[in-house]
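Here are some short exercises to work through with the structure open beside you. Try each task before reading its solution.

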Amino acid sequence: MIPKSMVLRWPKEKDYCESEGIKMELKVLATDRIEKHESLIIRPRIKVWMARAITIVVLWTSLVHLVALGELLGPSLLKGMPYCFSTPAVENDLAPAKVVLPPKRTYRNNGYLLVSCNGGLNQMRAAICDMVAIARHLNVTLIVPELDKASFWADSSDFKDIFDLDHFITSLRDEVRILKHLPPRVKIRVEQGLSYSMPPISWSNISYYENQVLPLLLKHKIIHLNRTDARLANNGLPAEIQKLRCRVNFNALRFTSQIEELGRRIVKVLREKGPFVALHLRYEMDMLAFSGCAHGCDSKEEEELTRMRYAYPGWKEKVINSELKRKDGLCPLTPEETSLVLTALGIDHNVQIYIAAGEIYGGEKRMESLLGDFPNLVRKETLLEPSELMYFRNHSSQMAAVDYLVSLESDIFIPTYDGNMAKVVEGHRRFLGFKKTVLLDRRLLVDLIDQYYNGFLSWDDFSTAVKEVHANRMGSPKRRLIIPDKPKEEDYFYANPQECLQLLDEPLKST
């Protein structure tokens, strides 16, 4: 804003438009003032008046063009000038900012890449980043990825219902050509069965796509990748590919304005009451059935979870020893265990805790101990009116997107299981400046909890041990742990995209 003392003061509209300096005093040329004795007219005087008239016309024309140019280019020195013959333009700061698009990248198109994502929101999010990087490297045209509608969550949302589709396409146009749909002539080939469909090998390096996938693309011109989860390696990739994965994740994949507005609304309500913790309490029915973790469940609940596990062919592991998995740290903490750990870590019992999760298995009964210790537990459903969530309620991926945004903004993020949301949010919080994320060591915690419950540890010893275990597990800078030939056991790229982070001055640790 320009200070009032610096604003140019203009004459009033009437005075300005009729001022002596603006009027063309052509009345000297009027016929009733001209004497018939032309011989008495002095030619130099006529030239002077004509010069004055022409000069004024030129200046006036220039002024009109200058005003028009000022309106076109935005804020100008003429912003305060009155308008004699047009309606003043709307204040420029109320107009939307002009988006500067990156220049299109031109390249010889090797074919078209169709992608069918599988899994939940954050598994698909990571997969989309991978597919963009692969499409860029192979010089192909990417068709907007299809989201999973057949999984446990049965969410009918399309890409455009969750992400800002136009932004996704335009923000990456200097890297890869992305189309909303196949061109008609190419679509006919797909309908005629002339495309090639395949699931790429998990955790593949870029040479696999160069040597195995690209030849198929050149032959068939259309490749359909029908599975996308973890199809690109964590490590050993060129730096430009790793950085493109980050660019897609942190910039191109922007949620829709409706989802972002809902997330902002929740954060505003929480911030009005002070700091808050986002707790990703992954004690949900699908996770328990998939993992086979039934600690704390009664026999009826165990049977229900087992039936669900066998009902989904994609969940390949069927016979699972729940207690062994828990001892290995492969199960989500129960609400009771979570309450114990939060208390041991020194989390204030009066702090707001936002539950970033779906419906907790066992409902209110299972949440009694956690709610008793931390009475300020809140959820989307308790912070907003039912009408505000009505559109999103039957779309689990859209609800998960809201939780994702709130988790990013929280003062502390604590996941009770290292699933896809936990990992992707962790990496995003690192990108945002290494915001505090408590990475629970469940294997050690389960052992400490059992010792405490069995009377082998006092509360003070238990609490001290929990704090010591997690002193260096707060999302601070570190190098990814690399385990050759064991990609599932090493650090996930999206949990710690170190190639894209502005690392702090402290020495990097490898844990």
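**Exercise 1.** In this predicted model, find which residues Leu377 is in contact with, leaving aside its neighbours within four places in sequence, and decide whether Leu377 is buried or exposed.

*Solution.* Start with the contacts: beyond those sequence neighbours, Leu377 touches Ile353, Ile355, Met367, Leu370 and Leu371. Next, place the residue: Leu377 belongs to strand β8. Then turn to accessibility. The cut-off for buried is under 20% relative accessible area, and Leu377, at 16% relative accessibility, therefore counts as buried. Finally, look along the chain: Leu279 is 98 residues away from Leu377, and their C-alpha atoms are separated by 9.6 Å.

**Exercise 2.** Work out which strands β7 is joined to by bridges, and which residues of β7 are buried on each side.

*Solution.* Take one partner at a time. Strand β6 (residues 276–280) runs parallel to β7, with 4 bridges joining them. In this pairing, Val277 stands opposite Ile353. On to strand β8 (residues 377–378): 2 bridges join it to β7, and these strands run parallel. Here Ile353 stands opposite Leu377, the residue you met in Exercise 1.

Now check the faces of β7 (residues 352–355). Gln352 and Tyr354 are buried on one side, and Ile353 and Ile355 are buried on the other, so that both faces are covered.

To finish, follow the connection: β7, helix α14 (residues 363–373) and β8 form a β-α-β unit, and its hand is right-handed.

**Exercise 3.** Describe how helix α17 packs with helix α18: what is the crossing angle, and which residues make the contact?

*Solution.* Two packed helices are described by the angle between their axes and the distance between the axes. For α17 (residues 396–409) and α18 (residues 420–431), the axes come within 10 Å and cross at roughly 40°. That angle makes α17 oblique to α18. The hand of this crossing is right-handed. From α17, the contact involves Asp403, Tyr404, Ser407, Leu408 and Glu409; from α18, it involves Met421, Val424, Val425, His428 and Arg429.

**Exercise 4.** Do the same for helices α13 and α19: how do their axes cross?

*Solution.* The axes of α13 (residues 335–345) and α19 (residues 442–453) come within 11 Å, crossing at roughly 90°. Angles of 65 to 115 degrees count as roughly perpendicular, and α13 and α19 are therefore roughly perpendicular to each other. Glu336, Glu337, Leu340 and Val341 of α13 make the contact with Leu445, Ile449, Tyr452 and Tyr453 of α19.

Technical notes: Residues are numbered from 1 along each chain as its sequence is written. This is a predicted model: local features need pLDDT of at least 70, side-chain atom pairs count only at pLDDT 80 or more; totals for chains, interfaces and linings use all residues. Side-chain values use heavy atoms; hydrogens and water are left out. Buried means under 20% relative accessible area, exposed over 50%, partly exposed in between (1.4 Å probe, protein chains only). Two strands pair if DSSP finds at least two bridges between them. A crossover is right-handed if, with the strands pointing away from the viewer, the path from the first strand over the helix to the second runs clockwise. Contact means heavy atoms within 4.5 Å. Axes are lines fitted to C-alpha atoms, for helices over the stretch in contact, and angles run from 0 to 180 degrees between N-to-C directions. Angles under 35 degrees count as roughly parallel, over 145 as roughly antiparallel, 65 to 115 as roughly perpendicular and the rest as oblique. A crossing is left-handed if the near helix is turned anticlockwise from the far one by less than a right angle, and right-handed if clockwise.
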